[in-house]
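Got the viewer open and the cartoon switched on? Here's a walk through the model, one selection at a time.

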Amino acid sequence: MNHLPRTSESDHLKRIRHTTSHVMAMAVQKLFPKAQVTIGPWIENGFYYDFDSPEPFTEKDLKSIKKEMTKIIKRQLPVIREEVTKEEALRRIQTIQEPYKLEILEGLEAPISIYHLGDQWWDLCAGPHLDNTGELNPDAIALESVAGAYWRGDESKAQLQRIYGTAWETPEQLAIYEHRKQEALRRDHRRLGKELGLFIFTDVVGPGLPLWTPKGTILRSTLEDFLKKEQLKRGYLPVVTPHIARIDLFKTSGHWQKYSQDMFPMMADDDQSRQLEQGFVMKPMNCPFHIQIYKSGLRSYRELPMRLAEFGTVYRYEQSGELGGLTRVRGFTVDDSHLFVTPEQLDAEFLNVVDLILSVFQKLQLNNFRARLSFRDGNSDKYIGDNDAWEKSQGAIRRAVETLGMDHFEGIGEAAFYGPKLDFIFQDALEREWQLGTVQVDYNLPERFALEYVAEDGSRQRPVMIHRAPFGSLERLIGILIEEYAGDFPLWLAPTQVRLLAVTDDLMPFANQVMREMVAHGIRAEVDQSGERLGKLIRKAEQDKIPVMAVIGVKEVESNALSIRTRATGDLGLMEVSKVIERMEQAITNFTLF
RNA sequence: GCCGAUGUGGCUCAGUGGUAGAGCACUCGAUUCGUAAUCGAGUGGUCGCGGGUUCAAAUCCCGCCAUCGGCUCCA
């Protein structure tokens, strides 16, 4: 496969994309004189430019903009850098009346660099640029989409019109890029989920509410069983809690105050109850429930750490424009656990949790993630608890990451409202980032719920909580897994592990008999009952991405054997039935291929 | 929630004002076949939903719903 450089890897691409975005902005202002320019940076696969335009752009406009760009390129305008003082820049912006540029200028330090396209157009820009627009190849440029974007990324500010585009050194690179985008579409979990029959959505049930089919449910419960087993080995205690609770519970936790815009509306018996906020709500998180179980008895330091674990389904009222496939839904299941520990146990227990998470990712062959320290920002309205608790929590997370020598980056403002997090971020097929696993240190909820344990000296002490979820959510995890594997699940996860294909109908009884034998061994086997020819059966099994196919003809029946074909390696030849079962069982328990 | 696009049988899509189409899937019949599509016939659609314009609407207009690409937000 041809390597396509990303912008950050190539100075030349940076120049191409900066210059292309300026050419685009100039073209837009030529065609839409009322449009004002704001910012237009490069991104990894292209660039965008945001405009404030009284009339929104449509995708049809992209064609005429592209045409105009081609003209500008053909005029071979020199790109000239000029450095001016802040005062001079201010003066020039005032003459062309571009308020957004003015605002940008306020944040800049002299000297201010300006890039000119000939004497036709200029913009504030750090660069770098090509020397001449003629160096661009119009056939290596594509305008991709229009979108709304808020000025300075702030919902309360003006909404701008963003145009996304991409630009390359050669038309061939553009073709490869577009081909790659097509390929990414083919591994999109929404498409594969439908094709493989794993889950559905229906308007009748509602947006963001997936329904799991039999095959998808096998996938889900296989993942659940896997993690439950790992957790039992590590001293976790399973619990089950309801999906709804009184509002009061969430007032104590702080959810009602800080999180209610993300919650489904309350269920109240009547208007009076509604006004008094006496009703029930769907749970957006499991923590307050687990806390109640902790609180149900007087706890001794000898019981800690107490690790309460549940696959808890939560409901969050996500904004409608945010929903998408399995990666962003309104009802999802968190592989949740809350660990109640003494302050002395915190560091060690945190490391245990990270160890569990990393071992889970390893088993799932998920290597492509980034670890983020999600800390609070300066907006104290968003958070509960005092400074001291936050500092202690963030310190604990930082120590853990340093102890492990783990690569990480900081996400300021990414914390939960009750505490900081260590998050594991993955990418989907379209390079969008999603958080899966998470570990959180929390001094605040123990305080709010007045949690206690009896210490060695008989005194009452406050435990610290760790919230953690290796998968994050089963839905999102499965979405990412489908795309990572392109639907080709490893044997232990495959909803159907082996499909038996009879060459002729009269061999069906033998196929059914072998199937029952395999099922009795816990293997997910099925017989293709369609009665089609072998070629068709194999084609269907390949399309269904069944890892192991077992062909049954006369010679197989006579020797009580199967002809094995795997998706991974093709025809493996004749093998005794008992041998096949043995090999499959081994592969399943060892998480390996057949 | 905001900006833009899209919505036609189970799936993928064609159909721009005049009697709803194709391929796959499904059902039936014939074929009994050895590693990626056997042949033939048939069933199946309130054209997302509601309203409007028109002699006539899948097609034009308005509202809503959902999906997709972004923005803000998040597991």
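Start in the middle of a pairing: select Val441 and you'll find Ile466 of S22 standing opposite. Keep in mind as you click around that this is a predicted model. The two strands here are S19 and S22 (residues 464-469), which pair in the antiparallel sense over five bridges.

**The eight-stranded sheet**

Now widen the selection. S19 and S22 belong to an open sheet of eight strands with mixed pairing, in the order S11-S14-S15-S22-S19-S18-S16-S17. At the edges sit S11 (237-238) and S17 (409-412), each of which pairs on one side only. Strands of a sheet like this pair through backbone hydrogen bonds, either parallel or antiparallel, so turn those on if your viewer can draw them.

Walk in from the S11 edge. S11 and S14 run parallel and are joined by two bridges; pick Pro238 and look across to Ala309 in S14. Next along, S14 and S15 are antiparallel, with 10 bridges between them. Select Gly312 there, and its bridge partner in S15 is Val334.

How much of S14 is buried? Seven of its 10 residues are, which leaves the strand mostly covered. Show helix H11 (residues 287-295) as well: it lies across S14 (306-315), S15 (331-341) and S22, and it runs at about 145 degrees to S14. Between H11 and S14 there is a loop holding Pro305, and the peptide bond joining Leu304 to Pro305 is cis, with omega about -5 degrees.

**Around the RNA**

Select RNA strand B and expand to the residues around it. There are 64 of them, and those that come nearest are Gly148, Ser320, Gly321, Gly472 and Gly553. The elements giving two or more residues to this surface are strands S7 (141-150), S8 (159-167), S19 (433-442) and S26 (561-566), along with helices H15 (474-485), H17 (534-543) and H18 (554-558). Which element gives the largest share? That's H17, with seven residues. Colour the surface by residue type and you get 18 nonpolar, 23 polar and 23 charged.

**Thr166 and the S7-S8 loop**

Stay with S8 and click Thr166, which is found in that strand. Buried or exposed? Thr166 counts as buried, because it has 22 C-beta neighbours inside 10 Å. Setting aside residues up to four places away in sequence, Thr166 touches Asn45, Gly46, Ala142, Glu144 and Tyr177. For a sense of scale, draw a distance from Thr166 to Lys555: their C-alpha atoms are 58 Å apart, with the two positions 389 residues apart along the chain.

Then go to the loop between S7 and S8 and select Arg152. Arg152 has a positive phi, near 60 degrees, in a residue other than glycine. With 15 other C-beta atoms within 10 Å, Arg152 is partly exposed.

**The S5-S6 hairpin**

Move to S5 and S6, a hairpin with three residues between its strands; Gly118 in the turn has a positive phi of about 55 degrees. The two strands run antiparallel and are joined by four bridges, and you can check one of them by selecting His116 and its partner in S6, Trp122.

Gln120 is in the loop between S5 (112-117) and S6 (121-124). It counts as partly exposed, with 13 C-beta neighbours inside 10 Å. Beyond its neighbours within four places in sequence, Gln120 is in contact with Met26 and Leu77. For a longer distance line, try Gln120 to Gly458: 81 Å between C-alpha atoms.

Follow the chain on into the loop between S6 and S7, where you'll find Pro128. The bond from Gly127 to Pro128 is cis, with omega near 0 degrees.

**Two more stops**

Select Gln76, in the loop between H2 (59-74) and S4 (79-84). Its phi is positive, about 50 degrees, although Gln76 is not a glycine. Gln76 is exposed, with 12 other C-beta atoms within 10 Å.

Then highlight H1 (residues 11-31), whose 21 residues reach 30 Å from first C-alpha to last, close to the 30 Å expected. Of those 21 residues 15 are buried, so H1 is largely enclosed by the rest of the structure.

**Zoom out**

Finally, show chain A whole: 19 helices and 27 strands. Its C-alpha atoms fill a box of roughly 85 × 75 × 55 Å along the principal axes, and 37% of its 594 residues count as buried.

Technical notes. Residues numbered from 1 in each chain as written. Chains lettered and ligands numbered in written order. Predicted model: local features only at pLDDT ≥ 70, side-chain atom pairs only at ≥ 80, totals over all residues. Near = placed C-beta within 6 Å. Nonpolar A, V, L, I, M, F, W, Y, C, P; charged D, E, K, R; others polar. Pairing = 2+ DSSP bridges. Contact = placed C-beta atoms within 7 Å. Axes fitted to C-alpha atoms, helices over the stretch in contact; angles between N-to-C directions. Buried ≥ 20, exposed ≤ 12 C-beta atoms within 10 Å, placed from the backbone. Expected span 1.5 Å × (residues − 1).
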